[in-house]
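Take a look at the protein chain below. This report walks through it from the overall build to single residues.

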Amino acid sequence: MMKEVKQIGEGSKSKAKKTPPAGLSSREPKTVTLPYPWLFASVILFLTVPLFIFFLGYLRLTVGIPLTLIFGGIVLYCVSDCLNDPDGVKLSRHESDIVIPVKYLIGFAVTALAVSFVSGVGEYIFTLQDHQYRRAILRDLISYDWPVIYNYSTQTNPEVREIFGIASGERAFSYYFIYWMPAALAGKIFGFEFGNFIHFLWNSIGIFLALISSCAVIKKFTAWVPFFFVFFSGLDILPNAVYLMTKYEDWYWLEGYVPVMSYVSNFRELASVYNQMVPCFLIVALLLLSRNTRSMGLTAGILFCYSPWAVFGILPLVGALLFSKKHKTSKVSKRVMNILSPVNIDSAILLLTIFGSYYMSNSAATGVKGFAWTYYDHPVRFIPYYFLFIAVEVLPFVLLLRKSRKKDIVFWVAIITLLLIPFYKITGMNDFCMRGSMPALFYFCIYLSGIVADVMDAKNTPTTKKGWLKSAAVMLTVILMMFPACFNLFVILGSVVTGERSDKDDIGSFGNIQDPQYAEVIQEQFFAKDFESSFFYRYFAK
């Protein structure tokens, strides 16, 4: 059975330890005490350091330097204020210290490196979808001056030039690329391979912080946290099993078994859009750990820099947290002042202005949008597909967490969010659905790791028939949800064994695309036309 080690405040509240007799070693695990402000600062710096590099490297110095100073001050304030409760009273050390068993510290570090490697960051192994784009992004951020501007005349492949339809003219690089900034800066100094390694290392640090933060949320250290971080998913195995037996026409891909709607498993996110997944997971964990609401504007707002789609999913959770019992103050006026704090207002306005104007420089990427049922041949078919989708992707985890989280307003808001997101579609693959669902799904992921840890704890072994049935249902759900990750791991590791060719270098550079099959997507999603006249490039960019 799995044994968990409780952490928050354990060191100060525990009884005095007895010295073991001579010749006998203590069975107490070795631990390291991590003050909560250190964890908070580590996560905030992980999220803001790429932002500072962007400010100073991509923007005019007259804009970038003031923004760096402003956000530097905001970060310092948030760290100094993170231990204060909603009324401004500082919590004591025994209420906030995080006691980490050394074995978990080492285990999480090894896990982070392994997950980052196997999921393909750095492309040191066979990779799944989209890594050819990821590699090209890093290469161009290293090779080109900032901001990155492409000229069609550098395209040497005649098929690519034919697809573009023009032989000259400039286009600006347009994408949410902040996650690559530390690696790009390192690569500019020491070359692409070094920058690529830094990118792998940076992603591993993010995963490591995510695992520690998740344990801090559920107040215990357990191996189930990294397990859920990798394997969390809906019960996609069920519709896929039906497909194998019936070959029904609307099956599209492993996690796209109904038209338009798709919630993606954690490992698939790690293996394709880690640049959005890791920051989003960290932000969700930090919001759940928050002692007050005065810095949520920075914590949640910075997600807009990494994943504009995920912001749609984080806003309802933030709204629930702002009015939750946890953040209740002695006076209503104090609660209002916390919500309307300078940090919240300034962070939201500045980030929205800078990155909103940047994203708007390329409106073509969101050309496909509308209500989901309008993309069905017969709109009424949306109804049974919707209920099937919710039954597979949401209902199992709601049932598992209902008893323990039913008094948590964030739990109910997360459910409502996941129920509403499938009604709308943005982009051809529906990034709104796939990425907008991440915050609420990560909420379930974190708390489910705690529930399963309790079930597997030897102290909680059921002795009644009802108890055994409940435990069996929990573990069956856990086993079934592993299917997407196991399938993708089989593809990755199997391709390594068989020597399958990776497509990581098929693009090379957006400025000189090697394989023409990518040209149309790149022109639509990564090139900003008429960028010179956009607000961002007229007033902010170098």
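What follows covers the whole chain, then the confidence of the model, then a handful of residues.

**The whole chain**

The model shown here is predicted. Its protein chain forms 27 helices and eleven strands. The radius of gyration is 24 Å, and the globule rule gives close to the same for 542 residues, 24 Å, so the chain is as compact as a globular protein of that length. Along the principal axes, the C-alpha atoms fill a box of roughly 80 × 60 × 55 Å.

How much of the chain is buried? Of the 542 residues, 57% count as buried. The surface that the protein chain exposes comes to about 24,000 Å². Carbon and sulfur atoms supply 65% of that surface.

Contacts can link residues that lie far along the sequence. Take the contacts with a separation of 6 or more: 79% of them join residues 24 or more positions apart.

Charges come next. The protein chain carries 48 positive and 37 negative charges. The mean positions of the two sets are 14 Å apart.

**How confident is the model?**

The average pLDDT of the protein chain is 89. A score of at least 70 is reached by 92% of the residues. Two stretches score poorly. Over residues 1–18, pLDDT stays under 50. The model still has 45 contacts beyond four places in sequence for residues 1–18. Residues 21–25 also have a pLDDT below 50. Beyond near neighbours in sequence, residues 21–25 have one contact in the model. Where pLDDT is low, the predicted coordinates should not be read in detail.

**Two buried residues**

His199 sits in helix 9, which spans residues 192–218. Is His199 buried or exposed? The relative accessibility of His199 is 2%, so His199 counts as buried. Which residues does His199 touch, leaving aside neighbours within four places in sequence? The contacts are Val121, Leu138, Tyr179, Trp180, Ala183 and Tyr274.

Leu34 belongs to strand 2, residues 31–34. Leu34 has a relative accessible area of 17%. The cut-off for buried is under 20%, so Leu34 is buried. Neighbours within four places in sequence aside, Leu34 is in contact with Leu39, Asp97, Ile98, Ile100 and Ile212. One of these partners, Asp97, is 63 residues away from Leu34 along the chain. Yet the C-alpha atoms of Leu34 and Asp97 are separated by 5.9 Å.

**Backbone details in loops**

Now for the backbone. A cis peptide bond joins Trp146 and Pro147, with omega at about -5°. Pro147 lies in a loop, between helix 6 (131–143) and strand 4 (149–151).

Two more loop residues have a positive phi without being glycine: Lys219 and Asp530. The table sets them side by side.

| Residue | Phi | Loop lies between | Relative accessible area |
|---|---|---|---|
| Lys219 | near 65° | helix 9 and strand 6 (220–221) | 48% |
| Asp530 | about 55° | strand 11 (527–528) and helix 27 (535–539) | 48% |

Are these residues buried, partly exposed or exposed? Lys219 is partly exposed. Asp530 is partly exposed as well. Partly exposed covers values between the buried limit of 20% and the exposed limit of 50%.

Helix 9 turns up twice in this report. His199 lies in helix 9, and the loop that holds Lys219 runs between helix 9 and strand 6.

How values were computed. Residues numbered from 1 in each chain as written. Predicted model: local features only at pLDDT ≥ 70, side-chain atom pairs only at ≥ 80, totals over all residues. Heavy atoms only, no water. Helix = DSSP H or I, 4+ residues; strand = E, 2+ residues; numbered from the N terminus. Rg over C-alpha atoms; globule rule 2.2 N^0.38 Å. Buried < 20%, exposed > 50% of the residue type's maximum accessible area, 1.4 Å probe, protein only. Contact = heavy atoms within 4.5 Å. Areas by Shrake-Rupley, 256 points an atom, 1.4 Å probe, with all protein chains shown as cover. Lys, Arg positive; Asp, Glu negative; His and termini not counted. Charge placed at Lys NZ, Arg CZ, Asp CG, Glu CD. pLDDT = per-residue confidence, 0-100.
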